[in-house]
Amino acid sequence: MALMAGLRVPARALLRSGCWLRGAALAGAEAAAGLGAGVRRFGSQRVLVEPDPAAGVAVVKLKSPPVNSLSLELLTELVISLEKLDNDKTFRGIVLTSDLCGVFSAGLDLTELCGRSPAHYAEYWRALQELWLRLYLSGLVSVAAVNGASPAGGCLLCLSCDYRVLADSPSCVIGPNETRLGIVAPFWFKDCMVNTVGHRAAEQALQLGTLFPPAEALRVGLVDQVVPEDQVQSTALAAMARWLAIPDHARQLTKSMMRKPTADRLAKHREADVQSFVSFVSRDSIQKALQTYLEKLKQKG
Ligand SMILES: CCCCC/C=C/C(=O)SCCNC(=O)CCNC(=O)[C@H](O)C(C)(C)COP(=O)(O)OP(=O)(O)OC[C@H]1O[C@@H](n2cnc3c(N)ncnc32)[C@H](O)[C@@H]1OP(=O)(O)O
């Protein structure tokens, strides 16, 4: 483990994909996009918000090393940041990205799903539902700048945005790989997949637990653009400008018309969905499958 600014960060996470070397190049790209030095950042421990009030845009960066897995803390902090931005008339759009190299988000934090109490599982699932509903229905334009791997819950975050830009790198796989872990995506993740790529492609990807490399993700319609790694954020901001050219009220009503029926399927039955998750994840066979998968991940490291 390396000790950085009081944070215990695995050295390999820092060295991943030549992060340190690429940092300077990415900082240059950010500066070119108008988000460099001089911008006042805010946010929380795990969610960094870089506001550009003149543009009406905030870049929201996940920074929960080593892999931005969606812990209860990260979910909660992200909900709070999104709520703040949603309620602040300065902002019309957000770019959601990762502050880590090589990983956008590893999806649900598996340590939250293993060996915990039913009450914990319920609290965790409510937080995930809350994040999804807030992001999916946000009045803000949301563009995902997917600068790293984005399996399962990471893919759900991307699908909840209005537009997706993916880095063209073999490590930047994206997709619903749940079945490979022996678990099942919730119906609202399935609905998001169907709404984005259509029923047939969603069914295949969900059943097979497919993680798409960038070219395949673009072909199937899971992402909207694939660009070189150092252009992900600037491309996301350029896409944002196109979306912001549309009057908010018309775009927001259209977004709501397209998305509310899907969101309502969960919103109207949230507690039943929580209970169904708790009973599923508490099964011995599911606990065993998750523990085996986590151990394999740790051994790999
Ligand atoms: C029950 C119903 C639920 C239905 C919905 C479920 C949705 C989900 O999201 S389930 C989670 C699915 N996610 C995955 O399968 C991703 C697993 N992780 C990876 O494939 C890789 O970690 C990576 C590609 C994201 C990054 O690879 P790399 O940079 O090589 O990093 P490491 O694999 O060495 O991981 C570092 C460190 O992080 C731990 N870790 C990774 N993913 C998770 C996770 N999802 N939850 C918790 N912890 C995770 C990994 O074990 C390593 O830990 P240490 O060995 O202790 O450093």
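**Exercise 1. Glu77 and its surroundings**

Find the side chain with which the side chain of Glu77 makes a polar contact in this predicted model, and describe where Glu77 sits.

*Solution.* Step 1: the side chain of Glu77 makes a polar contact with the side chain of Arg46, at 2.5 Å.

Step 2: place the residue. Glu77 belongs to helix α3, which runs over residues 72–86.

Step 3: classify its accessibility. The relative accessible area of Glu77 is 14%, and the cut-off for buried is under 20%, so Glu77 is buried.

Step 4: list the contacts, leaving aside neighbours within four places in sequence. Glu77 is then in contact with Ser44, Gln45, Arg46 and Val47.

Step 5: set a remote residue beside this. Ser256 is 179 residues from Glu77 in sequence, and their C-alpha atoms are 24 Å apart.

**Exercise 2. Salt bridges**

State how many salt bridges a search of the whole structure finds. Then examine the pairs Lys61–Glu50, Arg116–Glu112 and Arg259–Asp162.

*Solution.* Step 1: the search finds 16 salt bridges.

Step 2: Lys61 and Glu50 meet through their side chains at 3.3 Å, N to O. Lys61 is in strand β5 (residues 57–62) and Glu50 in strand β4 (residues 47–52), so the pair links parts of the chain eleven residues apart. Both Lys61 and Glu50 are buried. A network of salt bridges links these two residues with Arg41.

Step 3: the side chains of Arg116 and Glu112 form a salt bridge at 3.8 Å, N to O. The two ends can be classified separately: Arg116 has a relative accessible area of 36% and is partly exposed, whereas Glu112, at 4%, is buried.

Step 4: Arg259 and Asp162 form a salt bridge at 3.6 Å, N to O. Arg259 lies in helix α11 (residues 248–267), while Asp162 lies in the loop between α5 (153–159) and β10 (163–167); the pair therefore ties together parts 97 residues apart in sequence. Arg259 counts as buried at 12% relative accessibility, and Asp162 is buried at 11%.

**Exercise 3. Helix α12**

Check the span of helix α12 against the value expected at 1.5 Å a residue, and determine which of its residues are buried.

*Solution.* Step 1: α12 covers residues 270–281, twelve residues in total. The expected span is 1.5 Å times one less than the number of residues, which gives 16 Å. The end C-alpha atoms are 16 Å apart, so the two values agree.

Step 2: the buried residues in α12 are Asp273, Val274, Phe277, Val278, Phe280 and Val281. They cover an arc of only 165° around the axis and therefore lie on the same side of α12.

Step 3: relate this to helix geometry. With 3.6 residues a turn in an α-helix, residues three or four places apart point the same way.

Step 4: identify the packing partners. The buried residues of α12 pack against α4 (118–136), α7 (187–197), α11 and α13 (284–300).

**Exercise 4. A sheet of three strands**

Give the strand order of the open sheet of three strands and explain why β7 and β11 stand at the edges.

*Solution.* Step 1: the order is β7-β9-β11, and the pairing is parallel.

Step 2: β7 (102–103) and β11 (174–175) each have a single partner strand, so one side of each has no neighbour in the sheet.

Step 3: look at one pairing. β7 pairs with β9 (residues 148–151) in the parallel sense over two bridges. The bridge partner of Val103 in β9 is Ala149.

Notes: Residues numbered from 1 in each chain as written. Predicted model: local features only at pLDDT ≥ 70, side-chain atom pairs only at ≥ 80, totals over all residues. Heavy atoms only, no water. Pairing = 2+ DSSP bridges. Helix = DSSP H or I, 4+ residues; strand = E, 2+ residues; numbered from the N terminus. Salt bridge = Lys/Arg side-chain N within 4 Å of Asp/Glu carboxyl O. Buried < 20%, exposed > 50% of the residue type's maximum accessible area, 1.4 Å probe, protein only. Arc of directions from axis to C-beta. Contact = heavy atoms within 4.5 Å. Polar contact = N/O pair within 3.5 Å; in protein donor to acceptor, adjacent residues only side chain to side chain.
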